[in-house]
Amino acid sequence: MSAGSGIEPPTPAGGRAGPGGRFPAGLPNTGAWQVGDPAGDRRFVTVTDTRPFALEWGGRLPEVRVAYETWGELDPQASNAVLVCHALTGDSHAAGDSGPSHPTGGWWHELIGPGKAIDTDRYFVVCSNVLGGCQGTTGPADLDPVDGRRYGPRFPVVTVRDMVRIQARLADHLGIRRWLAVIGGSMGGMQVLEWAVMFPRRVRSILPLATCASASALQIAWSAVERLAIATDPGWYDGDYYDKPEGPWMGLATARQIAQITYRSGESFERRFGRRLYDPAGAFDLWGRFQMESYLDHHGQKLVRRFDANSYVVLNRSMDLHDIGRGRGGAAAALGRIRVPVLTASITSDHLYPPHEQQELHDGIVAGGGDCRRVMLESDEGHDGFLLEHDLLHGPVVDFLEEVSGD
């Protein structure tokens, strides 16, 4: 964190290390980007006017700042713009290298760039951090301009529709009246679907990948346990942990570990780790680790260093609330309103957003008279296949974008 934020969160020198000392000392209370930190490739715009931004479920934000990144050039007609929507723990850094300002490399780096599936020699590509996030767009770790305090648990409930309304204001700022395509997977796919229903005249095509019309009971169950892991951490302090000696990093790490299990398949884990031990000498120690456990610890720690627990709770809950048919007469009626070309993709081993959910999207759109095609990606990578199987996604995405570009 930069001193420029004026609210440097504590980074403990000691404290809890978890069972068996499996977490290092010094994990931060929050990994959120703060005003005053290096911007990196981010650009910023305040998209609220003189009035507060009213959210779907009744909350209000006096000001909303959006962090976004772009690649390529917008053509004179503003007709080649592609919006990329990120998933739960993603951010605006969809392509590019890691560095001091970006803890990880672009999460879709292999798909976005010159000559790649989303070709930045042809398309103007935009990705923004969602409302409620923690990498530059207004979220719980930010200061409330009314009283100068962190929002923390006072941050209102956010829905996917709120995220999309903010993205529409960003599009206005960029001079984009209509996206050539909107693409994203998982929570990103939820945003994609809402774009087509909320702003049908502002999209020419959509690509909702590995997503659903509404959150299932199983998805809600996993999400609830993840939030509970955070809320039961002694460092949670009901969400007011920023200035405390230690934050809920263990709960956030555990939430990520739970999620990571749902993102992959048993076949993938067996192939990569099997029953191999991380330290054979400690095989019969109570807290000795298998390589599978070391993998989960790594992902838990990695997220703690770049994310915020309050943001995780807010965005995780927004996914549970996702229902394309809410207030629209049900999912079938809402999907039947989609009149732009659609490409949806399924991963054969996805147990979190299983293929039948994308089949339901396809069938609902077609039943309403829409144009939807669906591809099945044969992969054992589970739900994360939409992030990892670049070669399998390349052809369908290229062909679809070329087709809609010629319309």
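# A tour from a buried loop arginine to the central sheet

Begin by selecting Arg 264, which lies in the loop between α4 and α5 (266–272). The model on your screen is a predicted one, and every stop below should be read with that in mind. Is Arg 264 buried or exposed? Its relative accessibility is 10%, and because buried means under 20%, Arg 264 counts as buried. Now display what surrounds this side chain: if neighbours within four places in sequence are left aside, Arg 264 is in contact with Phe 269, Arg 272, Tyr 295, Glu 381, Gly 382, Asp 384 and Leu 388. While you are here, add Tyr 353 to the selection, since its C-alpha atom is separated by 11 Å from that of Arg 264, although the two residues are 89 residues apart along the chain.

**The helix pair α4 and α6**

Next, select helix α4 (residues 249–263) together with helix α6 (residues 291–304), which pack with their axes 8 Å apart and at an angle of about 125°. The two helices α4 and α6 are therefore oblique to each other, and their crossing is right-handed. To see the contact itself, show the side chains of Trp 249, Leu 252, Ala 253, Arg 256, Gln 257, Gln 260 and Ile 261 on the α4 side, which meet a set of α6 residues that includes Tyr 295, Leu 296, Asp 297 and His 299. Tyr 295 thus appears at two stops, as one of the α6 residues that meet α4 and as one of the contacts of Arg 264.

**A positive phi before α4**

Step back along the chain to Tyr 237, in the loop between α3 (217–231) and α4. Most residues other than glycine have a negative phi. The phi of Tyr 237, by contrast, is near 50°, a positive value in a residue other than glycine. At 37% relative accessibility, Tyr 237 counts as partly exposed.

**The open sheet**

Now hide the helices and colour the strands of the open sheet, eight in number, whose order is β1-β4-β8-β5-β9-β10-β11-β12 and whose pairing is mixed. Which strands form the edges? They are β1 (43–46) and β12, each of which pairs on one side only. If you look across the sheet, neighbouring strands are turned by 20° against each other on average, direction ignored.

Within the sheet, select strand β5 (residues 81–85), where five of the five residues are buried. Both faces of β5 are covered, with Ala 81, Leu 83 and Cys 85 buried on one side and Val 82 and Val 84 buried on the other. On one flank, β5 runs parallel to strand β8 (residues 124–128), to which four bridges join it. Two positions can be picked out along this pairing: Val 82 stands opposite Val 125, and Val 84 stands opposite Cys 127. Then turn to strand β9 (residues 181–185), which also pairs with β5 in the parallel sense over four bridges, and where Ala 181 is the bridge partner of Val 82.

**Helices α1 and α2**

Bring the helices back and select α1 (residues 160–174), which packs on the sheet and touches β1, β4 (65–71), β5 and β8, its direction making about 60° with that of β4. Add helix α2 (residues 187–198), whose axis comes within 9 Å of that of α1 and crosses it at roughly 70°. These two helices, α1 and α2, are therefore roughly perpendicular to each other, with a crossing that is right-handed. Among the residues that make the contact are Val 160, Met 163 and Val 164 of α1 and Met 187, Met 190 and Trp 195 of α2.

Between β9 and α2, select the loop residue Ser 186, which has a positive phi of about 60° although it is not a glycine. Ser 186 is buried, with a relative accessible area of 6%.

**The β11 to β12 crossover**

Finish with strand β11 (residues 342–347) and strand β12 (residues 372–377), which run parallel and are joined by six bridges. Leu 343 has Arg 373 in β12 as its bridge partner. If you trace the backbone from β11, the chain passes through helix α9 (residues 355–367) to reach β12, and this β-α-β crossover is right-handed. Helix α9 itself packs on the sheet, touching β11 and β12, and its direction makes about 165° with that of β12.

Technical notes. Residues are numbered from 1 along each chain as its sequence is written. This is a predicted model: local features need pLDDT of at least 70, side-chain atom pairs count only at pLDDT 80 or more; totals for chains, interfaces and linings use all residues. Side-chain values use heavy atoms; hydrogens and water are left out. Buried means under 20% relative accessible area, exposed over 50%, partly exposed in between (1.4 Å probe, protein chains only). Two strands pair if DSSP finds at least two bridges between them. A crossover is right-handed if, with the strands pointing away from the viewer, the path from the first strand over the helix to the second runs clockwise. Axes are lines fitted to C-alpha atoms, for helices over the stretch in contact, and angles run from 0 to 180 degrees between N-to-C directions. Angles under 35 degrees count as roughly parallel, over 145 as roughly antiparallel, 65 to 115 as roughly perpendicular and the rest as oblique. A crossing is left-handed if the near helix is turned anticlockwise from the far one by less than a right angle, and right-handed if clockwise. Contact means heavy atoms within 4.5 Å.
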